[in-house]
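Me: Hey, I've got a new structure open and I'm not sure where to begin. Can you walk me through some of it?

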Amino acid sequence: MRDHEISPRPAGSYRRAVAVAVAVGLLVGGAGGLGAHLLWPGDAEDSGGDSRAKPSAAATAGSRAEPIRAAMVAQGRLGVGVVAREGGDPDFFTGQARLDLRDGAAARAATHVRYDMGEGHAWYPPEIVLIGNRAVITPAKEMTGPQYGPEGSYRTEPDATAAAADDVEVRNALEARWLAQPAHLVALLDGATELSTARAGGVRTFTGSTPLRTLAADPAIGGLYRPYAADRRDGAVRFTLVVNGRDLPETLSTEVPSGSGDDAFRVEYRDWAKGGAITARPGPTPAPQWTVAD
């Protein structure tokens with residue numbers, strides 16, 4: 001990912017311009033239709049980008065995060081709800097995703113995230129499947145057709161990290177995966193300089209802070225934090241992680257220092273071990289993979 005760094009975006013980012021150019025709006029739209037469940041060449045083994053990355057904090061028996069990471073990987077698949085940058089931030093988004101955990105460092109992801117343009121506009125997000133550093137994009141049925149240009153057809157981006165510099169939707173998908181995957185919890189817990197744990201019944205709550213520079217240097221999820229570290233290198237990310245009695249996360253809340261105040265993120269974990277494998281299905285209207293529901 002380092003070869004295509006995503007620069008920090010000023011307030012009033014490119015999101016508005018992109019949204020107006022595509023003429024879209026705010027309700028969640030499903031990627032309709034049923035397609036054959038076929039693998040692309042290369043689907044059997046991830047290649048490039050996040051698929052080869054390993055967390056900077058090794059997942060060993062001495063790792064604070066190892067029991068949680070191992071429990072997540074043992075489940076294989078999960079669903080998440082994600083809310084990013086609440087409070088009127090121009091880079092706000094919310095939505096759902098499913099993760100397919102092939103190992104402890106990387107995850108295939110099927111995302112369906114949106115952002116609020118305001119003024120009553122609707123936004124129909126595409127489903128974006130991330131396999132390694134490749135993005136497979138299926139537009140919502142409301143946004144399908146030649147009148148929407150390239151965004152109105154099934155397409156792929158071979159380098160999702162590079163595409164994210166100009167594509168809001170791909171950037172949202174990458175951030176959703178960075179936030180939700182096990183490598184993020186490993187980086188937060190094992191890199192924490194302050195950490196406390198509270199127990200209530202079988203539930204544990206971890207509260208701590210991890211230096212931005214540590215998170216930005218992580219090869220698996222650093223892309224989420226490098227833009228922040230460029231502005232606030234000495235800052236720290238505050239987090240609260242709630243874990244159940246089986247060592248599976250229930251919620252993760254983070255506050256990331258930025259030039260305009262703290263950016264808040266929240267992940268809610270659910271649907272453990274449900275749903276099928278995430279694959280790059282052929283278009284033009286493959287069955288959606290971002291939810292376990294049909």
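Reply: Sure. One term before we start: two strands count as paired if DSSP finds at least two bridges between them. Also keep in mind that this is a predicted model.

Me: Okay, which residue stands opposite Val 129 in β4?

Reply: That's Ala 110. Strand β3, residues 108-114, is joined to β4 by three bridges, and the two run antiparallel.

Me: And how many bridges join β4 to β5?

Reply: Five, and that pair is antiparallel too. One of the contacts to look for is Ile 131, whose bridge partner in β5 is Arg 134.

Me: What's going on in the hairpin of β4 and β5?

Reply: Two residues sit between the strands there, and Gly 132 takes a positive phi near 60°.

Me: Back to β4 for a sec. Are its faces covered or open?

Reply: Both are covered. Glu 127, Val 129 and Ile 131 are buried on one side, with Ile 128 and Leu 130 buried on the other. That makes five of five residues buried in the strand, which spans 127-131.

Me: Why do the residues split into two sides like that?

Reply: In a regular strand, side chains alternate between the two faces of the sheet.

Me: Switching topic: how many salt bridges does the structure hold?

Reply: There are 14. Asp 100 and Arg 77 form one of them, with their closest N and O atoms 3.7 Å apart. That pair links distant parts of the chain, as Asp 100 is in strand β2 and Arg 77 is in strand β1, 23 residues apart.

Me: Is Asp 100 buried or exposed?

Reply: Asp 100 counts as buried because its relative accessibility is 4%, under the 20% cut-off. Arg 77, at 27%, counts as partly exposed.

Me: What about Arg 204, what does that one pair with?

Reply: Arg 204 forms a salt bridge with Asp 247, and the closest N and O atoms are 2.3 Å apart. Arg 204 lies in strand β8 and Asp 247 in the loop between β9 and β10, so the pair ties together parts 43 residues apart in sequence. Arg 204 is buried at 14% relative accessible area, while Asp 247 is partly exposed at 23%.

Me: Cool. Which residues are linked in a network of salt bridges?

Reply: Arg 85, Arg 171, Glu 175 and Asp 263 are linked that way.

Technical notes:
Residues numbered from 1 in each chain as written. Predicted model: local features only at pLDDT ≥ 70, side-chain atom pairs only at ≥ 80, totals over all residues. Heavy atoms only, no water. Buried < 20%, exposed > 50% of the residue type's maximum accessible area, 1.4 Å probe, protein only. Helix = DSSP H or I, 4+ residues; strand = E, 2+ residues; numbered from the N terminus. Salt bridge = Lys/Arg side-chain N within 4 Å of Asp/Glu carboxyl O.
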